[in-house]
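User: I am new to this structure. Please take me through it in short steps.

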Amino acid sequence: MVAKKIVLFSTAILVALLLMSSCESNFREVQKSNFAEFTPSGEADTIDLKYTDSGKIKSILVSPKMLDYATVEFPFTEFPKGLKVTMYDNNGKKTFVTSKYAITFKNTDLIDLQGNVKITNEAGQLFETEQLYFDQKNEWFYTEKRFKFTDAKGFTYGEGVDFSKDFKIINSQRISGEVQSEK
């Protein structure tokens, strides 16, 4: 009688374990299906995009990898391996932007640049930070992070800044630096 109870108890435990393992397997399948909706709807390697307006090139974007999430609720495009952008003003002067990672949000026209972000121009000015936002509509950069700005007159360190893409308007929050005095 005791042996029958042990066999019955062992069988019940075995059935329970089998049921739990099959539930775990189903749960993992459900998890996978939830993640499937967040896969890119488009993917491109080694891209070289030229943006034009009225026949003039406004910018050139080069990146080793682009992931497009156009079908999610808040669509975005991701550049997980970074990007290099050349922007042209109305006179053809160039501004160069590089970062190790970038994401652009389609409904807001904002680009979030991250990781060793650098902006240079033909005048020799250099802006460096770890994260920078670019408002495409207003052609305006801004960050709350630490930055370094270097030009022919010297350098400036700070935390928090916003500026036009040509560096003609710069609004700094907290700054320090060294600038050559004009004689």
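The questions below go from the whole chain to its cores, its strand pairs and one residue.

User: How many helices and strands are there in the protein chain?

Analyst: This is a predicted model. From the N terminus on, the elements run α-β-β-β-β-β-β-β-β-β-β-β. The count is 1 helix and 11 strands.

User: What percentage of the residues in the protein chain is buried?

Analyst: Buried means under 20% relative accessible area. The chain has 183 residues, and its buried share is 30%.

User: Which strand supplies the largest share of the largest nonpolar core?

Analyst: This core has 22 residues, and Leu113, Ile119, Phe127, Leu132, Phe141 and Phe163 touch the most other members. Strands E2, E4, E7, E8, E9 and E10 each supply at least two residues. The largest share is 4 residues, and it comes from E7.

User: How many residues are in the second, separate core?

Analyst: Leu67, Tyr69, Phe76 and Ile103 are among its members. This core is separate from the one just described, and its size is 5 residues.

User: Over how many bridges do E1 and E2 pair?

Analyst: E1 covers residues 42-53. The two strands form a hairpin with 2 residues between them, and Ser54 in the turn has a positive phi of about 55°. One bridge partnership is Glu43 with Leu67 in E2. The pairing is antiparallel, over 11 bridges.

User: Which residue in E3 stands opposite Leu67?

Analyst: E2 and E3 form a hairpin with 6 residues between them. They pair in the antiparallel sense over 3 bridges. Opposite Leu67 in E3 stands Glu78.

User: Which residue in E4 stands opposite Val62?

Analyst: E2 and E4 run antiparallel and are joined by 4 bridges. Opposite Val62 in E4 stands Lys84.

User: Why does Gln131 count as buried?

Analyst: Gln131 sits in strand E8, residues 126-135. The cut-off for buried is under 20% relative accessible area. Gln131 counts as buried because its relative accessibility is 15%.

User: Which side chain makes a polar contact of 2.9 Å with the side chain of Gln131?

Analyst: Leaving aside neighbours within four places in sequence, Gln131 is in contact with Asp112, Leu113, Gln114, Val117, Thr143 and Lys145. Its side chain makes a polar contact with the side chain of Tyr133 at 3.1 Å. The partner at 2.9 Å is the side chain of Asp112.

Key:
Residues are numbered from 1 along each chain as its sequence is written. This is a predicted model: local features need pLDDT of at least 70, side-chain atom pairs count only at pLDDT 80 or more; totals for chains, interfaces and linings use all residues. Side-chain values use heavy atoms; hydrogens and water are left out. Buried means under 20% relative accessible area, exposed over 50%, partly exposed in between (1.4 Å probe, protein chains only). A polar contact is a pair of N or O atoms within 3.5 Å; within protein, one must be able to donate a hydrogen and the other to accept it, and residues adjacent in sequence count only if both atoms are side-chain atoms. Contact means heavy atoms within 4.5 Å. A nonpolar core is a set of buried Ala, Val, Leu, Ile, Met, Phe, Trp, Tyr and Cys residues joined through side-chain atoms within 4.5 Å. Two strands pair if DSSP finds at least two bridges between them.
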